[in-house]
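Hi,

Here is the structure I said I'd pass along. Have a look at it first, and then read on for what turned up.

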Amino acid sequence: MSDPDDTFGAEYVNVVDTGDGSTLGWFTAITQSPPKAQIEVTSLDVIGPETVVIGERNAGLVMWGAVVPGRAAWRYKTETPMYVSVGAGYRMLLVGQDGTSMKALDAASGRIVKAARLPDEAIGRPWAATDGFYVPVEGGILSVGSDLSVSGRIIVKGLGGNVRAVSGPGFVFLMDDDEIIMISV
Amino acid sequence: MAAAALAAMTAAAPPVSAAIGWRISARADCASAAADKTLAFASGRIVTMLGPDGKKLWSWQAPADVSFLERGPEASVYAAYSDTLTKLDAKGKYLWSATAYERIYSLLVLADGKAVAGSGYGALAFDTGGKKVWESDPQNAVYPIYDCAT
């Protein structure tokens with residue numbers, strides 16, 4: 001995925017053979033038929049070895065395969081989510097533009113399986129947990145189950161602003177506007 | 001928010017077992033962690049490596065603001081800034097740089113150690129020694145175009 005004009009969204013998605021750089025497919029039109037000349041890709045999440053879910057400004061979310069790329073497996077028309085995260089078992093978490101509305105999407109079928117609301121506004125992209133997601137909020141992290149129930153809160157005093165997370169096995173680094181915090185989970 | 005409502009939310013979200021290992025004051029523009037709990041992060045032009053205890057192991061200054069960091073084989077670090085990809089060794093020693101011709105917008109290290117940079121030019125792959133092994137220019141290539149609207 002590339003963003004040559006440094007705009008909000010990327011403009012093309014290519015599938016490239018990493019062995020020799022040859023192009024396997026070019027994802028150009030996910031919005032309408034006939035295809036638009038320009039697309040605005042807002043997110044791209046790899047959900048399997050040969051499948052990705054692509055967010056496009058007008059189309060919503062589209063699941064697209066690299067091996068048989070001629071057809072979209074499914075499309076889910078939605079406003080551009082503020083955050084899209086991939087969890088275990090083909091489950092995706094979509095957080096709406098208001099920062100509190102969330103939907104659980106089954107990435108295998110493209111169906112919304114649950115909708116709920118966060119008690120606090122998400123201030124960063126959630127990341128996957130064993131059975132659900134962690135959602136950074138002001139002053140802490142919410143543990144959200146795959147059924148979207150909020151099962152717990154990790155208090156992280158001072159956490160605020162724009163939070164990004166880099167996670168690994170048993171730990172996560174949280175980075176807000178002025179701190180880096182390592183948390184064992 | 002009413003105290004009762006806040007209490008209800010707190011009750012619905014009990015504390016989860018977790019521990020803050022360490023915290024430092026720093027602005028991270030980009031970062032990359034490894035399984036050994038080391039963290040490489042960039043703040044402007046400065047790339048810093050933190051150990052598992054949060055203490056600085058080394059730092060290196062790039063010629064321009066660093067946009068992307070990735071960890072490579074043998075604890076190496078790839079830093080992308082402007083149109084350039086640089087590889088550092090495990091101790092922050094400069095190893096090599098390569099050009100992606102135009103500004104780099106994405107960076108990925110593959111399982112085989114190749115570093116792939118996506119730039120305004122296209123995608124370029126470099127082996128662990130910095131030799132370009134392939135490039136893909138999507139704007140000029142000729143190949144099937146798939147219309148997923150159908």
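Keep in mind as you scroll around that this is a predicted model.

I'd begin in chain B. Strand E3 (residues 39-43) is linked to E2(B) by four bridges, and the two run antiparallel. If you want a spot to zoom in on, Cys30(B) sits opposite Ala42(B) of E3(B). That pair of strands belongs to an open sheet of four strands in chain B, ordered E2-E3-E4-E5, with antiparallel pairing. Strand E2 (30-33) and strand E5 (56-61) of chain B are the edges: each has a single partner strand, so one side of each has no neighbour in the sheet. On average, neighbouring strands here are turned by 15° against each other, ignoring direction.

Now over to chain A, where two hairpins share a strand. Strand E8 (residues 91-95) and strand E9 (residues 101-106) of chain A run antiparallel and are joined by five bridges. Leu94(A) has Lys103(A) in E9(A) as its bridge partner. Five residues lie between the strands of this hairpin, and Gly99(A) takes a positive phi near 80° there.

On to the next hairpin: six bridges connect E9(A) with strand E10 (residues 111-117) of chain A, again an antiparallel pair. Lys103(A) turns up here too, standing opposite Ala115(A) in E10(A). This hairpin has four residues between its strands, and Gly110(A) has a positive phi near 80°.

Those two are glycines, but what about other residues? Most residues other than glycine have a negative phi. Tyr90(A) has a positive one, near 60°. You'll find Tyr90(A) in the loop between strand E7 (83-86) and E8 of chain A. Tyr90(A) has 16 other C-beta atoms within 10 Å, so it counts as partly exposed. Chain B has a case as well: phi of Tyr101(B) is positive, near 75°. Tyr101(B) lies in the loop between strand E9 (94-99) and strand E10 (104-109) of chain B, and it is partly exposed because it has 15 C-beta neighbours inside 10 Å.

Last, the domains. Chain A splits into domain 1 (1-80) and domain 2 (81-185). Where they meet, twelve residues of domain 1 are in contact with ten residues of domain 2. On the domain 1 side, strand E3 (41-48), strand E4 (51-56) and strand E6 (72-76) of chain A each supply at least two residues. By class, that side has five nonpolar, four polar and three charged residues.

Cheers

Key:
Residues numbered from 1 in each chain as written. Chains lettered and ligands numbered in written order. Predicted model: local features only at pLDDT ≥ 70, side-chain atom pairs only at ≥ 80, totals over all residues. Pairing = 2+ DSSP bridges. Axes fitted to C-alpha atoms, helices over the stretch in contact; angles between N-to-C directions. Domains from an automatic or database assignment. Contact = placed C-beta atoms within 7 Å. Nonpolar A, V, L, I, M, F, W, Y, C, P; charged D, E, K, R; others polar. Buried ≥ 20, exposed ≤ 12 C-beta atoms within 10 Å, placed from the backbone.
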